[in-house]
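This report describes the fold of a predicted model. It begins with a loop and then turns to the sheet and the helices that pack on it.

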Amino acid sequence: MRSVVITGVSAGIGKATAELLVKSGYRVFGSVRKNSDGKSLKKHFGNNFTPLYFDVKDLNAIKSAANVVEKSLEGQNLTALVNNAGVAVLGPLQYLDINEFREQIEVKVLGTLACTQIFLPLLGTNPNRKGPPGKIINVSSALGGRIGAPFYGAYCSSKHALEGLSETLRRELMIHDIKVSIIAPGAIRTKIWDKVNLQIELKKYHKTEYYHQYNKALKMTKNLGEKGLPVEKVAKK
């Protein structure tokens with residue numbers, strides 16, 4: 001049976017991808033941070049889904065999850081790793097709390113690299129495993145990975161870095177015949193932007209020269225999140 005690890009499956013792209021692959025006969029291991037999410041998804045997806053409980057910032061937790069996957073694979077290679085987990089930190093860089101910026105980078109960039117390093121032996125760098133080499137798919141952004149948009153500085157920086165990371169991995173991992181792909185969707189209907197509390201965000205910068213422009217940007221962001229493409233389209237890609 002083909003087996004895939006997907007990070008961040010509680011909602012959005014991760015959940016839609018897990019659903020599609022389970023229905024297509026894959027065994028899916030999906031990372032969540034809450035026990036309640038894991039139990040709910042297990043009940044929804046059935047026996048071909050296994051929740052993995054870790055935060056991509058927690059190396060020990062990722063290693064423990066990889067051990068769970070390794071035991072289930074019984075010596076076979078993992079088919080794919082989908083690095084999907086992410087956050088969306090917004091705000092003008094002039095005033096953005098450095099710890100918020102750090103959170104964005106730690107989750108999307110360092111988290112992606114950590115998961116990649118830890119799961120690589122299961123994808124084909126360990127010559128003692130059986131089956132064809134696996135594949136790595138990193139979820140970027142059509143906007144964030146190409147343009148530095150106002151108030152998306154942290155988000156865009158992480159996506160730019162992710163694309164550079166992916167390009168390097170693609171070339172380095174040729175020695176193992178492990179392919180690396182970037183999926184860069186445009187505006188989609190995902191809950192990642194719903195987690196941005198507009199009132200709290202505006203209050204942070206209400207005494208700055210960016211207040212009115214930031215207000216417009218937040219409204220545009222919410223509108224894109226409501227009218228974007230369905231996550232199922234990204235999952236199919």
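## Two loop residues with positive phi

Asp 177 lies in the loop between H5 and S6. Its phi is near 60°, a positive value in a residue other than glycine. With a relative accessibility of 47%, Asp 177 counts as partly exposed, because that value falls between the 20% limit for buried residues and the 50% limit for exposed ones.

Phe 151 is found in the loop between S5 and H5. Although Phe 151 is not a glycine, it has a positive phi of about 75°. Phe 151 is buried, its relative accessible area being 12%, whereas Asp 177 is partly exposed. As background, most residues other than glycine have a negative phi.

## The sheet

The model contains an open sheet of 6 strands, in the order S3-S2-S1-S4-S5-S6, and the pairing is parallel. S3 and strand S6 (179-183) stand at the edges; each has a single partner strand, so one side of each is left without a neighbour in the sheet. From one strand to the next, the twist averages 20°.

At one edge, strand S2 (residues 27-32) pairs with strand S3 (residues 49-53) in the parallel sense over 5 bridges. The chain passes from S2 through H2 to S3, and this β-α-β crossover is right-handed. Within this pair of strands, Tyr 53 in S3 is the bridge partner of Val 32.

At the other edge, strand S5 (residues 135-139) and S6 also form a parallel pair, again over 5 bridges. Here Asn 138 stands opposite Ile 182 in S6.

## Helix H5 and Ser 166

Helix H5 (residues 153-172) lies across S5 and S6, and runs at about 155° to S6. Which residues does Ser 166 touch, not counting residues up to four places away in sequence? They are Asn 138, Val 180 and Ile 182. Ser 166 itself lies in helix H5 and is buried, with a relative accessible area of 0%. Two of its contacts, Asn 138 and Ile 182, are the residues that stand opposite each other in S5 and S6.

## Helix H2 and Gly 38

Gly 38 belongs to helix H2 (residues 35-45). Is Gly 38 buried or exposed? Gly 38 is buried, since its relative accessible area is 0%, under the 20% limit.

Leaving aside neighbours within four places in sequence, Gly 38 is in contact with Val 32, Pro 51 and Tyr 53. Val 32 and Tyr 53 are the bridge partners described above, so the contacts of Gly 38 include both members of that pair. The C-alpha atoms of Gly 38 and Thr 50 are separated by 8.2 Å, the two residues being 12 apart along the chain.

## Packing of H1 against H2

Helix H1 (residues 12-23) packs with H2 at an angle of about 30°, and their axes are 11 Å apart. That angle makes H1 roughly parallel to H2, because angles under 35 degrees count as roughly parallel. H1 passes H2 in a right-handed crossing.

Which residues in H1 and H2 meet? From H1 come Lys 15, Ala 18, Glu 19 and Val 22, and from H2 come Leu 41, His 44 and Phe 45.

Notes. Residues numbered from 1 in each chain as written. Predicted model: local features only at pLDDT ≥ 70, side-chain atom pairs only at ≥ 80, totals over all residues. Heavy atoms only, no water. Helix = DSSP H or I, 4+ residues; strand = E, 2+ residues; numbered from the N terminus. Buried < 20%, exposed > 50% of the residue type's maximum accessible area, 1.4 Å probe, protein only. Contact = heavy atoms within 4.5 Å. Pairing = 2+ DSSP bridges. Right-handed = clockwise from strand over helix to strand, strands pointing away. Axes fitted to C-alpha atoms, helices over the stretch in contact; angles between N-to-C directions. Parallel < 35°, antiparallel > 145°, perpendicular 65-115°, else oblique. Left-handed = near helix turned anticlockwise from the far one by under 90°.
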